Amino acid sequence: MFLNNLISKLFQYQNKVEYVTGEALPLDEIYLPELEKYPIWIYALDNEENYEEDQDETWLEPITDSTNVTKQLAEAYILLKIKENDCPAFGHLDIQKMQLDDLWYWDFANKDWKALRLLDIPLPIHLISKPSLMDQVAVEFKVNEDKESAKRLV
């Protein structure tokens, strides 16, 4: 029994993700300058005792000590660029499936994010990751016809 508990604790320690995070913000208050500084954002769920009064599950916090998304994160919002026009983009990454959803592009005129499905450019649209994904730089994704999601190109 003791040996089983010891082994279990060792594996828990090995699987624990170690990273440093910055100040949490609501998803709709994360603009391009914040993403350019910190290209990986995760849900701010670990510090519930430090939540602000109006904080909920839509709040994210940046990873400040890494620009590499690892499998241990499982999911994150990341900075992207649209390959066809170099426009900044932003989306939710499921690292296990290597798929993106909740896709946005930066509207320079209004200085705000707009849903990628509203972008008037022809398909195919390719998105390039700004942070590394499991130590691979510039991972490319192809946006699906509905412009709501994207799959990794192999």
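1. Start with one pair in this predicted model. Leu 79 in strand 5 has Phe 90 of strand 6 as its bridge partner. That pair belongs to a longer run: strand 5 and strand 6 (residues 88-94) are antiparallel and share seven bridges. The two strands form a hairpin, with five residues between them. In the turn, Asp 86 has a positive phi of about 60 degrees.

2. Strand 5 has other partners. Strand 9 (residues 126-129) runs antiparallel to strand 5 and is joined to it by three bridges. Here Leu 80 is matched with Ser 129 of strand 9. Strand 2 (residues 40-43) is also antiparallel to strand 5, with two bridges. In that pairing, Trp 41 has Tyr 77 of strand 5 as its bridge partner.

3. Is strand 5 mostly covered or mostly open? Strand 5 spans residues 75-82, and six of its eight residues are buried. The strand is mostly covered.

4. Now the interior. The largest nonpolar core holds 27 residues. Which of them touch the most other members? They are Ile 82, Leu 100, Leu 127, Leu 133 and Phe 141. Strands 2, 5, 6, 7 (99-107) and 11 (140-143) each supply at least two residues of this core. Strand 5 gives the most, with four residues.

5. A second core is separate from that one and has eleven residues. Its members include Ile 30, Leu 32, Leu 35 and Tyr 77. Tyr 77 is therefore a member of a nonpolar core, a set that takes in buried residues joined through side-chain atoms within 4.5 Å. The bridge partner of Tyr 77 is Trp 41.

6. Leu 133 deserves a look on screen. Setting aside residues up to four places away in sequence, Leu 133 touches Asn 68, Val 69, Ile 78, Leu 93, Ile 95, Met 98, Val 139 and Phe 141. Leu 133 and Phe 141 are both among the five residues of the largest core that touch the most other members.

7. The overall layout comes last. The chain has two helices and twelve strands. From the N terminus, the order is α-β-α-β-β-β-β-β-β-β-β-β-β-β. Of the contacts with a separation of 6 or more, 52% join residues 24 or more positions apart.

8. On burial and surface: the chain has 154 residues, and 39% of them are buried. The exposed area comes to about 9,700 Å². Carbon and sulfur atoms supply 49% of that area.

Technical notes: Residues are numbered from 1 along each chain as its sequence is written. This is a predicted model: local features need pLDDT of at least 70, side-chain atom pairs count only at pLDDT 80 or more; totals for chains, interfaces and linings use all residues. Side-chain values use heavy atoms; hydrogens and water are left out. Buried means under 20% relative accessible area, exposed over 50%, partly exposed in between (1.4 Å probe, protein chains only). Two strands pair if DSSP finds at least two bridges between them. Contact means heavy atoms within 4.5 Å. Accessible areas come from the Shrake-Rupley method with a 1.4 Å probe; for residues, only the protein chains shown count as cover.
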